[in-house]
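I opened the model to look up a few strands and one side chain. My notes follow.

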Amino acid sequence: MAINFDINAFVIERPTKAIFMNSDDTTAWYTNQVQDFSVKVDGEEQTKQDAAGNTIATVTKGKTCTASFNVAVYDFNILAARNGTEKEIATTTSKITTPAFEEVTITTSNKESIVLKYPVKAVGTKYSVSVTILTKDGSPKRIFKQGSATSAGVFTYTSASRTVAFASGDLSEGDQVLIVYEYDATQAVRVVASGDKFPTAGKLYVQVAGFDICDQNTRVYAYYRFPTAKLTSSYETNIDLEATLPMEFNCAVDYCGTDKKFYDVVVPSATPTAEE
């Protein structure tokens with residue numbers, strides 16, 4: 001007689017993967033960089049007291065559920081999902097306006113003109129370029145103005161040749177010049193944080209790895225399923241080496257489901273038999 005698989009406890013090692021699916025079951029995003037996974041369920045408790053202030057009964061009126069984890073790397077697909085948008089990928093027909101920071105060391109050959117790496121993007125008939133001479137510690141030393149003709153402290157930009165021109169004597173050999181502008185890139189990606197777009201609800205699955213209490217070589221995988229999860233619109237992340245993307249979901253009840261679940265956890269056997 002076959003013995004049904006039954007597990008009651010295991011040692012959690014770490015969360016391993018998360019995938020979020022749209023309402024049509026297409027994949028919205030996926031990551032294998034999950035850490036600090038947690039689930040919280042709160043109940044709204046109300047008490048009934050008698051005339052002396054003694055508690056007669058406590059009634060639970062409703063529950064809420066949240067799930068959260070951090071993504072260890074700076075994932076642009078997930079950053080876009082946090083903002084209710086999608087990552088954009090530049091092509092030759094759909095270019096992305098991109099900033100360029102060029103630092104140029106002045107020599108005898110470029111004292112009066114510098115050729116930029118990329119053509120400056122035109123806004124109407126204007127080509128906006130910023131030029132600054134830097135000190136040795138990188139601070140601004142001299143800031144130039146853009147004009148239609150070169151003069152002391154004034155440079156020009158010629159779009160046909162991508163050239164920034166200076167008046168004679170404005171630049172000296174050894175100067176470090178910072179030139180900032182924008183251009184249309186065919187190889188770039190972009191994520192937009194938009195004020196009128198928000199995350200949408202979908203299905204969240206999180207895989208958690210662990211092992212059997214009695215045998216560390218027996219792997220155990222638990223699968224958390226949230227049928228109606230929606231990322232919160234508020235988030236904060238540091239932009240540094242330790243940066244992570246915080247993910248917090250409000251999880252609604254599967255209202256049309258038979259068990260009205262916020263989530264469930266499934267642990268399959270590590271050595272499953274063929275299902276009939």
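I began with an open sheet of four strands in this predicted model. The strand order is 7-14-13-12, and the pairing is mixed. Which are the edge strands? I found strand 7 (113-115) and strand 12 there, each pairing on one side only.

I followed strand 7 inward. Strand 7 runs antiparallel to strand 14 (residues 163-165), and three bridges join them. I looked up S113 and found A165 in strand 14 as its bridge partner.

Next I went to the other edge. K145 sits in strand 12, which covers residues 145-146. Is K145 buried or exposed? Its relative accessible area is 63%, so I logged K145 as exposed, the cut-off being over 50%. Leaving out residues up to four places away in sequence, I listed G153, V154 and F155 as what K145 touches. I also checked K145 against Y181: they lie 36 residues apart in sequence, and their C-alpha atoms are 14 Å apart.

Then I turned to strand 19 (residues 245-251). Which side chains of strand 19 are buried? L245, M247, F249 and C251 are, and they point to one face. P246, E248 and N250 point to the other face and are not buried. I recall the general rule: side chains in a regular strand alternate between the two faces of the sheet.

I closed with the neighbours of strand 19. Strand 4 (residues 55-71) pairs with strand 19 in the antiparallel sense over seven bridges. N250 of strand 19 is the bridge partner of T66. Strand 18 (residues 219-231) also pairs antiparallel with strand 19, over three bridges. Here L231 has F249 of strand 19 as its bridge partner.

Conventions. Residues numbered from 1 in each chain as written. Predicted model: local features only at pLDDT ≥ 70, side-chain atom pairs only at ≥ 80, totals over all residues. Heavy atoms only, no water. Helix = DSSP H or I, 4+ residues; strand = E, 2+ residues; numbered from the N terminus. Buried < 20%, exposed > 50% of the residue type's maximum accessible area, 1.4 Å probe, protein only. Contact = heavy atoms within 4.5 Å. Pairing = 2+ DSSP bridges.
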